[in-house]
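Reader: I'd like to learn how to read helices and their packing from a model. Can you walk me through it?

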Amino acid sequence: MPTAKDLASLGDQQVVELARAGKEVAYRELLHRYERPVFSLIYRMVRDHAAAEDLAQETFVKVLNALDSYRPEYKFSSWIFKIANNAAIDHLRRREVRTLSLDGAPDARTADEIQATALQVTDHGPNPLAEVESRELGATIEQAIAKLRPEYRACILLRHVEGRAYEEIAESLDLPLGTVKTYIHRARLELRESLAHLKDD
Amino acid sequence: MDKYLEQDELDRLIARELSRLPYYAPSRGFQGRVMAQVSLPEPRALVVLQRTRAWVLQPRRALALAGAYVACAAIALGFAVPWVLQHVPSISYGTGLMAAKVLGAARELGMALAGWVLTSRSYEAVRSLPILQEHLAGITVLLTVAYAAAAVALYRLLKSPRGKSVPVSSAL
């Protein structure tokens, strides 16, 4: 019986194989590996904590219940990001949210809703001053990302936050490689425009 | 020049800050909520055990019928196997004779078909076509290409309606 510690050193494909064989610990390992990346991608796409959580949950339930139909010639990460991105895009189509508010989602009315939907940076640095600066800069970047078109946003997040290769992004988003490169280029141009004031600071 | 340097510096700053963006975490209990909706496949050994248990728990009449069926098969095999072993030479002779007859019939049928084709009017019409020997190579190439194109078209026709094999959409 493999433990979570044993699984940590295995590749995604091997963990998937164990999950297919009915090992619950392998399911939990996949969840543990992709919980934050998938949630972060969806959250940055939809900018609503509750909705992001529902969509992330929907993504994982779909993926984990369909492991038998997963084809190993594709990267597991591409597969899961594809489903997560589709869920986020579908949600955005249903309910278009245009602007990001660091103080909470635009539809948040009560204090609890504002608190729940506010962007919160969880990874704090050791130096308090650097941490404040980094948080301010991070928040500015988050705002600039939020202004991008959803397609550009997904591409730039997968490229720079997740560090995925262009080919993998194309596979994940079901787009031609050339389109991915164009989207990333345009996203960079828009970010450069939005963040031009940084070079003066 | 300074403008380009500034732009380059800004690009690097953006790329660096993007890669430093933190991950957000879902609320506590997320894993539990997901796992509650996931149906785990049962291990093979457990499936076999469950099937055996279900079989054993069948009503007595069904078990009696299954037992009688197995007994009949065992008795029949008890007679059949020694008989086959005793008559192996004649069985193999008979099988060989039968195979030779089938082959002979197939050969005769083939010959009849060839004769019918060679004496048909269509064959004469094809033979009398004014095709020069130097055109033969070109015609052969043309026919090969057309046949390959037809194969490709057929393959595309038989593929999924989206025309691509995408694991996610097919899986979900």
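Author: Let's go through a few helices and one residue. This is a predicted model, where local features need pLDDT of at least 70, side-chain atom pairs count only at pLDDT 80 or more, and totals for chains, interfaces and linings use all residues. Residues are numbered from 1 along each chain as its sequence is written, while chains are lettered from A and ligands numbered from 1 in the order in which they are written.

Reader: How do I read a pair of packed helices, say α8(A) and α9(A)?

Author: You describe such a pair by the angle between the axes and the distance between them. Here the axes of α8 (residues 150-161) and α9 (residues 166-173) of chain A come within 10 Å and cross at roughly 140°. The two are therefore oblique to each other (not under 35 degrees, not over 145, and not 65 to 115).

Reader: Which residues of α8(A) and α9(A) meet?

Author: Contact requires C-beta atoms, placed from the backbone, within 7 Å. From α8(A) come Ala154(A), Cys155(A), Leu158(A) and Arg159(A), facing Ile169(A), Ser172(A) and Leu173(A) of α9(A). By type, that contact holds five nonpolar residues, one polar and one charged.

Reader: Is Ser194(A) buried, exposed or partly exposed, and why?

Author: Count other C-beta atoms within 10 Å: 20 or more is buried, 12 or fewer exposed, in between partly exposed. Ser194(A) has 18 such neighbours, so partly exposed is the call. Ser194(A) sits in helix α10 (residues 177-194) of chain A, and touches Ala144(A) and Lys147(A), leaving aside residues up to four places away in sequence.

Technical notes:
Helices (H or I, at least four residues) and strands (E, at least two) are DSSP runs, numbered from the N terminus. Two residues are in contact if their C-beta atoms, placed from the backbone, lie within 7 Å. Axes are lines fitted to C-alpha atoms, for helices over the stretch in contact, and angles run from 0 to 180 degrees between N-to-C directions. Ala, Val, Leu, Ile, Met, Phe, Trp, Tyr, Cys and Pro count as nonpolar, Asp, Glu, Lys and Arg as charged, and the others, Gly among them, as polar.
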